[in-house]
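User: Please give me a close look at the sheet joined by a hairpin, and then at what lies around it. Short sentences, please.

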Amino acid sequence: MKGIKFNTDFESVLSPLERDVLQLLWPDRRMKVRHIYEKLRPRRDVALSSVAVILDRLFEKGVVDREIETGRGGIRYVYYPLHDRKQFERSLIETTVNSLIDRFGTTAVSYFNSRFGDEGEKKK
Amino acid sequence: MICNECAPLFFGDPVKIVIAVSSLAVALLTFLLILKRDLSYGVRVFLIYLHVFSLVFPFVFYLFFSGCSTLFSGCSKIVPVIYMLLITGVISAIIGSVCAPIVFMWRSSRCRLNDRGISRFVCRESGVAGIRPPSLFIVDSASPFAFSFSNIRPVIFVSVGLLDLLGRKELEAVLLHEIMHIRNGASIFRFSAFFMRVFSPLSMFASLGRELDEEELGADRYACLRQGTSRFVESAKRKIDLFFYWRKI
């Protein structure tokens, strides 16, 4: 699975607008900027430019990909998610855990051992 | 002035060879970077100029330090180095200004803007402006921008991000703005202004920034005049400004 390039401060993994855009992209798969904007507009006060910026950011983070498509409306980007929701969540956990291990080394590993070891014992 | 103090020949001096080879290595590296897909317009232009500079540098370096004599300098090394860098800068700025549009055309060659309506509009409006109809190319970037060159033949580049954001009339306003830039030879003027700022100490007395702003305003006024309203120019600008405002946050 292609790794997602997140800023490892996990409070800022996704902004509310990024989350809304992804919610739209997951079921519909391939959408143009204007199409996403039109779907978001009844729900929240948002500008077309903001949606374009958010999609570009998600593209840079490796969450979505885009292709140039020529259609009746002219040349446009079509965006689609690189991962489905489950894969995305797994990738997010993986990135977060890796960053914790990178940052805290053996302390993080021993914490995970004691935490999940205890929970495993309790479940038994 | 010529210094007759004999130095080792160019190819016999390992320091000179290392400098020349390093410069060629930078040229190769920048060339490989230019080929990368996801580069912003500014970074690509910078890399093109850096590539040309590092390609031209070894030749100028050889001309200056090839024999027993060092031109312009007496026996000082500082003066010829300054001259050498200045001459390399001038040559690479001239070559770069010709190469940059070619690189952009080559990178965008698979993405010619084949929209009949837009092509017809540009053809008609360039006739009105009295210029050769420019070719239209797409730049694969989500940032909304358009720019034009008129160095070899008139060309307008439009980013996909701009097409995503603007409506038909707003796009026409941007194209009219660029047509006016081509008619004014603005890309040559911008290059000269940049050139003067970098190389001429007299540029501090010239109000180039104001003249460039006036040229921009003139292009906007022309677009408003042709469309009979300022509505579309203003809304296009608003959308583009908002994009870059959000991008900064």
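Analyst: Start with the hairpin: 2 residues link E2(A) to E3(A). Keep in mind that this is a predicted model.

Now look at how the two strands pair. E2(A) and E3(A) are antiparallel, with 8 bridges between them. Two of the pairs can be named. A:Gly71 has A:Gly74 in E3(A) as its bridge partner. A:Val64 is bridged to A:Pro81 in E3(A).

Which helix packs on the sheet and touches both E2 and E3 of chain A? The answer is helix H3 of chain A, residues 48-61. The direction of this helix makes about 125° with that of E2(A).

Next comes the whole sheet. This open sheet has 3 strands, in the order E1-E3-E2 of chain A, and its pairing is antiparallel. Its edges are strand E1 (31-32) and strand E2 (64-71) of chain A, and each of them pairs on one side only. E1(A) is joined to E3(A) by 2 bridges, again in the antiparallel sense. Across from A:Lys32, in E3(A), stands A:Val78.

Why is E3(A) largely enclosed by the rest of the structure? Look at the burial of its residues: 8 of the 8 are buried, so E3(A) is largely enclosed.

E3(A) also leads to an empty space. A search of the whole structure turns up 2 cavities of 30 Å³ or more. The second largest cavity holds about 40 Å³ of space. Both chains contribute to its lining. Chain A supplies A:Val33, A:Ala52, A:Tyr77 and A:Tyr79. Chain B supplies B:Ala142, B:Gly161, B:Asp164 and B:Phe243. Two elements give two or more residues each to this lining: strand E3 (74-81) of chain A and helix H5 (160-165) of chain B. What classes of residue make up the lining of the second largest cavity? There are 6 nonpolar residues, 1 polar and 1 charged.

Follow the lining into chain B. One residue to look at there is B:Ser143, in the loop between E3 and E4 of chain B. Is B:Ser143 buried or exposed? Its relative accessibility is 18%, so B:Ser143 counts as buried, given that the cut-off for buried is under 20%. Setting aside neighbours within four places in sequence, B:Ser143 is in contact with B:Ser159, B:Gly161, B:Leu162, B:Phe243 and B:Phe244. Among the cavity-lining residues are B:Gly161 and B:Phe243.

The strands on either side of that loop belong to a sheet of chain B. This open sheet has 3 strands in the order E3-E5-E4, with mixed pairing. Strand E3 (135-139) and strand E4 (146-149) of chain B are at its edges. Each has a single partner strand, so one side of each has no neighbour in the sheet. On average, neighbouring strands of this sheet are turned by 25° against each other, direction ignored. E4(B) runs antiparallel to strand E5 (residues 155-159) of chain B, and 4 bridges join them. One of the bridged pairs sets B:Ser148 against B:Ile156 in E5(B).

Back to the starting point, then. The hairpin leads into E3(A), and residues of E3(A) help to line the second largest cavity.

Key:
Residues are numbered from 1 along each chain as its sequence is written. Chains are lettered from A and ligands numbered from 1 in the order in which they are written. This is a predicted model: local features need pLDDT of at least 70, side-chain atom pairs count only at pLDDT 80 or more; totals for chains, interfaces and linings use all residues. Side-chain values use heavy atoms; hydrogens and water are left out. On a 1 Å grid over the protein atoms alone, a cavity is a set of points where a 1.4 Å probe fits but cannot get out, and a pocket is an open set with protein on both sides within 12 Å along at least five of seven lines; lining residues have an atom within 4 Å of a point. Grid points are joined across faces, edges and corners, and a volume is the space filled by probe spheres set on the points. Ala, Val, Leu, Ile, Met, Phe, Trp, Tyr, Cys and Pro count as nonpolar, Asp, Glu, Lys and Arg as charged, and the others, Gly among them, as polar. Two strands pair if DSSP finds at least two bridges between them. Axes are lines fitted to C-alpha atoms, for helices over the stretch in contact, and angles run from 0 to 180 degrees between N-to-C directions. Buried means under 20% relative accessible area, exposed over 50%, partly exposed in between (1.4 Å probe, protein chains only). Contact means heavy atoms within 4.5 Å.
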